[in-house]
Amino acid sequence: MLELYNFSQSTCSLKVRICLEEKQLAWVDRRLVSKNHDHLSDWYLKLNPNGVVPTLIHDGRPIFESSVILQYLDQIHPEISLVPNDPYEQAQMRAWLAFVDQVPTPAVRYPSFQFGGLLLKFQTMSDEEFNKQVGKRPVKSAFYKKMSRQSGFGAAELEEAYRALRSTAARMHHLFEENGGPWLLGEQFSLADIAAAPLIDRVEDLGLEWLWEENYPSVADWLKRIQARPAYDKAYYQGSRLSDLYPELALGRGSHRHALEQNAAVSA
């Protein structure tokens, strides 16, 4: 039996949900609630000592780290393969998965908190409560310590995140040119596409899609293709996007360009 402990809107959770749906697997949705800090509870930390989502339970045994879970699922259920047969292409895919984990995954957290509503749950906390919650995080406490509980992140930190996201779009554009598309590795839809999709979807949901639209329109075209896949639609049930949870923040296409330009002008 496959069980997935996950958050509705977590990009890493969405990677695994998309994979499960693409492979047409039966699985149990063990949905946690971020604002309740379910992922920091003692029982969950026994499953995943990193205190993050998702965690896959397969026949009672936990597997964590979303990119590891993707590859694990493809190994145990190879009937619908999402990994190339060619060893060189497999290496290219694994290199891309490592890049996704190292560059856009941490980068997207900054605008997600700044513009996507994730900051709101901390603004009502006392300093004592905030510090307690930050201290309980095994692997992400440094990120939270950079954040002002009331105003979030500064212009310099956000611009660094945008540079990483632009770099990701550039790398994707290069892969399309090198492999011929329509997917990142060429003709075959693979784990490479699944790993990147929730991050690019999140950036679009935040109204920051202009980071790639002018110079790398191939990224926008790819996102439309993957969003049209039936498995993708199943994984993205209502409540999976920050705009579903926080419609009052006016998330969506281009919504934060003006604010960012103003911040840049102030910082200049």
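**View 1. An open sheet of four strands in the order β2-β1-β3-β4.** The model is predicted. Pairing within this sheet is mixed. Its edges are formed by β2 (28-31) and β4 (61-64), each of which pairs on one side only. From one strand to the next, the twist averages 25 degrees.

**View 2. The hairpin of β3 and β4, with two residues between the strands.** Strand β3 (residues 55-58) runs antiparallel to β4, and four bridges join the pair. Leu56 stands opposite Ile63 of β4, and Ile57 stands opposite Pro62 of β4. Within the hairpin, Asp59 has a positive phi near 50 degrees. In a regular strand, side chains alternate between the two faces of the sheet.

**View 3. The cis peptide bond between Val53 and Pro54.** Omega of this bond is about 5 degrees. Pro54 belongs to the loop that connects α2 (42-47) with β3. Val53 is also one of the six residues of a core that lies apart from the largest one; Tyr5, Leu32 and Tyr44 are among the other members.

**View 4. A second cis peptide bond, between Gly181 and Pro182.** Here, too, omega is about 5 degrees. The loop that holds Pro182 runs between α9 (155-179) and α10.

**View 5. The crossing of helices α3 and α10.** The axes of α3 (residues 66-76) and α10 (residues 191-205) come within 11 Å and cross at roughly 145 degrees. The crossing is right-handed. On the α3 side, the contact involves Leu70, Gln71 and Asp74; on the α10 side, it involves Leu191, Ile194 and Ala195. By class, the residues of this contact are four nonpolar, one polar and one charged.

**View 6. Leu73 in the largest nonpolar core.** This core has 74 residues, and those that touch the most other members are Leu73, Trp96, Leu184 and Trp222. With neighbours within four places in sequence left aside, Leu73 is in contact with Leu2, Val16, Cys19, Leu20, Lys23, Leu25 and Leu56. Leu56, which appears in this list, is the residue that stands opposite Ile63 in the view of the hairpin. In soluble globular proteins, nonpolar side chains tend to be buried together.

**View 7. Gln24 and Ala26 in the loop between α1 and β2.** Gln24 has a positive phi near 60 degrees and is not a glycine. Its relative accessibility is 65%, so Gln24 counts as exposed. Ala26 lies in the loop that follows α1 (11-22) and leads to β2. Ala26 is also classed as exposed because its relative accessible area, 71%, is over the 50% cut-off. From Ala26 to Gln133 the distance is 34 Å, C-alpha to C-alpha, with a sequence separation of 107 residues.

**View 8. Leu249 and Ala250 in the loop between α14 and α15.** The loop runs from α14 (242-245) to α15 (257-267) and includes Leu249. Leu249 has 29% relative accessibility, so this residue counts as partly exposed. The C-alpha atom of Leu249 is 9.6 Å from that of Leu206, a residue 43 positions away along the chain. Ala250 lies in the loop as well. Its phi is positive, about 55 degrees, although Ala250 is not a glycine.

Definitions and conventions: Residues numbered from 1 in each chain as written. Predicted model: local features only at pLDDT ≥ 70, side-chain atom pairs only at ≥ 80, totals over all residues. Heavy atoms only, no water. Axes fitted to C-alpha atoms, helices over the stretch in contact; angles between N-to-C directions. Left-handed = near helix turned anticlockwise from the far one by under 90°. Contact = heavy atoms within 4.5 Å. Nonpolar A, V, L, I, M, F, W, Y, C, P; charged D, E, K, R; others polar. Pairing = 2+ DSSP bridges. Core = buried A, V, L, I, M, F, W, Y, C linked by side-chain atoms within 4.5 Å. Buried < 20%, exposed > 50% of the residue type's maximum accessible area, 1.4 Å probe, protein only.
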